[in-house]
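Me: I'm new to reading protein structures, and I'd like a close look at one part of this one. Could you take me through the enclosed spaces inside it and what surrounds them?

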Amino acid sequence: MLEIAKEDILSRLQFDNPWWETGRGGKVIYENTPRRKYFAAFSQNIVDTSVRRAIVLMGPRRVGKTVMVYHTIRLLLDSGISPENILYVSLETPIYTGLPLEKILGYFQELFNHDRNSELFVFFDEIQYLREWEIHLKSLVDSFPYCRFIATGSAAAALRLKSTESGAGRFSDYILPPLTFAEYLMFIEKEDELIDTDIHDSEDSGYPSKKYEFVSKDIDQLNEIFIDYLNFGGYPEAVFSETIRQDPGQYIKSDIIDKVLLRDLPSLYGISDIQELNRLFTTLAYNSGNEVSIEGLSQSSGVAKNTIKRYLEYLEAAFLIRRVERIDQNAKKFKRAVCFKVYLTNPSMRAALFGPLDADSKVMEAMTETAIFSQWQHSKMIELYYARWKTGEIDIVHLDVANQSPSWIVEVKWSDRPHSSHSELDNCTEFVKRNPSVSQPILVTSKTIRDHDFSYKDVRFHFEPASLYAYVLGANILRNIDNKIKQSRARALPPE
């Protein structure tokens, strides 16, 4: 194989880093696009150089990892960092194929006469395109103590599994999920128009909707936008592109799903029967929000049971699906988990595969449940299950980590019917009577009804429109992230 000329690599580096020529005041790509709510926490970790680790930003394709990198570069330039101390490299670019990271860094240092003690910010985008990237990155962290290395990657399986083997103590993993519904409303500039916020001082550690009081100013319009979110709203690019919104299926399927199923996972794990993997994922996507079993998946997809177990691990590691374990009516886990629920990490994937949803779609309830679980991806501290027994089911159960008893539950509906047809709440009352540790009122989502003062069989209920609850989850979880950043900054300030 012929070696690519050094001057060609330098030319490409100059092209990828225009701030070297334009200076701090020059334009940076994507700088005028809205910032994800995660940006403050991510950028704070980068500018805090007291921890000598590389930051590895993981997440599904097209959720804004590269954009967040460019936003960080803009922040560094604005804060006074010299443009010549910032390097951006996209390892997806063919000219860098197989090129060691240290060689790229060496060219950069040589170009500006940097030495190993120079304070540099180095961004490696799409790092999974370099074989054994984690060994290269660990070596750089060890060799260049004053460099801040930041890497991004979409193939989460490689990033997670390999970093634990070779990057222990050298990498800080940071996950960027799809857009929350709260972020989506912010991006389309509808948040202030549709949501009223009444903030209460509360130290309650329960589920996030208890921390702030939110009211929808127009629930019908909020529901319409929620359905748009289900169809394409998890991806920032789709929010701003009319072309993608007109045909989200083509964009999401070809550019997101197919690349992971047909390229990323097969190359990582040596999967030879790509169609087999594709059939399984299609089956899972169709059944998102429903209970499945290994036996049933094997029969419906035609894939062997042992293969399915492996594929499920791969799909979950790649941020395509999330499995949720089942408990019984007494909140006890099963010794042998035969059944479980599978959720797409982004409901837009189902719409891309099987067509867009509307308010009357038969799968709206399952996809509403999928969307609500999607909001919960943004919290690392929550342990969620579902309960199912012969006569009933609870959609979401939170078990207290200390004593493994249920602390709160949520029943997800896309219907106002349970508010008048009370027998549909019998599963909740039965579960609460068996598990008195469950806090009340019990949250039940609806289509439009909001009622905070409702009782049935001596159990108190709180009805909240599902679209508003999805907003509440994302808004509060992300607000908690912001509060932690503020607290961290306050601790770092010297006393007055």
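Reply: Here is a walk through the cavities, with a little about the protein around them.

Please keep in mind that this is a predicted model. Let's begin with the setting. The protein has 496 residues, and 54% of them are buried. Its fold is made up of 20 helices and 16 strands. Among contacts with a separation of 6 or more, 72% join residues that are 24 or more positions apart. On the outside, the accessible surface is about 22,300 Å², and carbon and sulfur atoms account for 47% of that.

Now for the spaces themselves. Searching the whole structure turns up two cavities of 30 Å³ or more. The largest cavity holds about 60 Å³ of space. Around it you will find P60, R61, P178, Y235, I256, V260, A318, F319, L320, T345, N346 and M349. Sorted by class, nine of these lining residues are nonpolar, two are polar and one is charged.

The second largest cavity contains about 40 Å³. Its lining consists of R322, Y343, L344, T345, T370, F373, S374 and Q377. Did you spot T345? That residue lines the largest cavity and also the second largest cavity. By class, the second lining has three nonpolar residues, four polar ones and one charged one. Two elements, strand 10 (339–344) and helix 18 (364–376), each give at least two residues to this lining. Helix 18 provides the largest share, with three residues.

One of the lining residues also leads us to a neighbour. F373, from the lining of the second largest cavity, is touched by I396. Leaving aside residues up to four places away in sequence, I396 also touches I372, W376, L384, Y385, W408, I409, V410 and V412. In turn, I396 belongs to the largest nonpolar core, which has 77 residues. Together with F181, F281, L315, I321, W376 and Y471, I396 is among those that touch the most other members of this core. Helix 20 (residues 466–492) supplies the largest share of the core, nine residues. A second core, separate from this one, has 59 residues, including L91, L120, F144 and F149. As general background, nonpolar side chains in soluble globular proteins tend to be buried together.

So that is the route: from two cavities, by way of F373 in the second lining, to I396 in the largest nonpolar core.

Note on methods:
Residues numbered from 1 in each chain as written. Predicted model: local features only at pLDDT ≥ 70, side-chain atom pairs only at ≥ 80, totals over all residues. Heavy atoms only, no water. 1 Å grid on protein atoms, 1.4 Å probe; cavity = no way out; pocket = protein on both sides within 12 Å on 5 of 7 lines; lining within 4 Å. Points joined across faces, edges and corners; volume = space filled by probe spheres on them. Nonpolar A, V, L, I, M, F, W, Y, C, P; charged D, E, K, R; others polar. Helix = DSSP H or I, 4+ residues; strand = E, 2+ residues; numbered from the N terminus. Buried < 20%, exposed > 50% of the residue type's maximum accessible area, 1.4 Å probe, protein only. Contact = heavy atoms within 4.5 Å. Areas by Shrake-Rupley, 256 points an atom, 1.4 Å probe, with all protein chains shown as cover. Core = buried A, V, L, I, M, F, W, Y, C linked by side-chain atoms within 4.5 Å.
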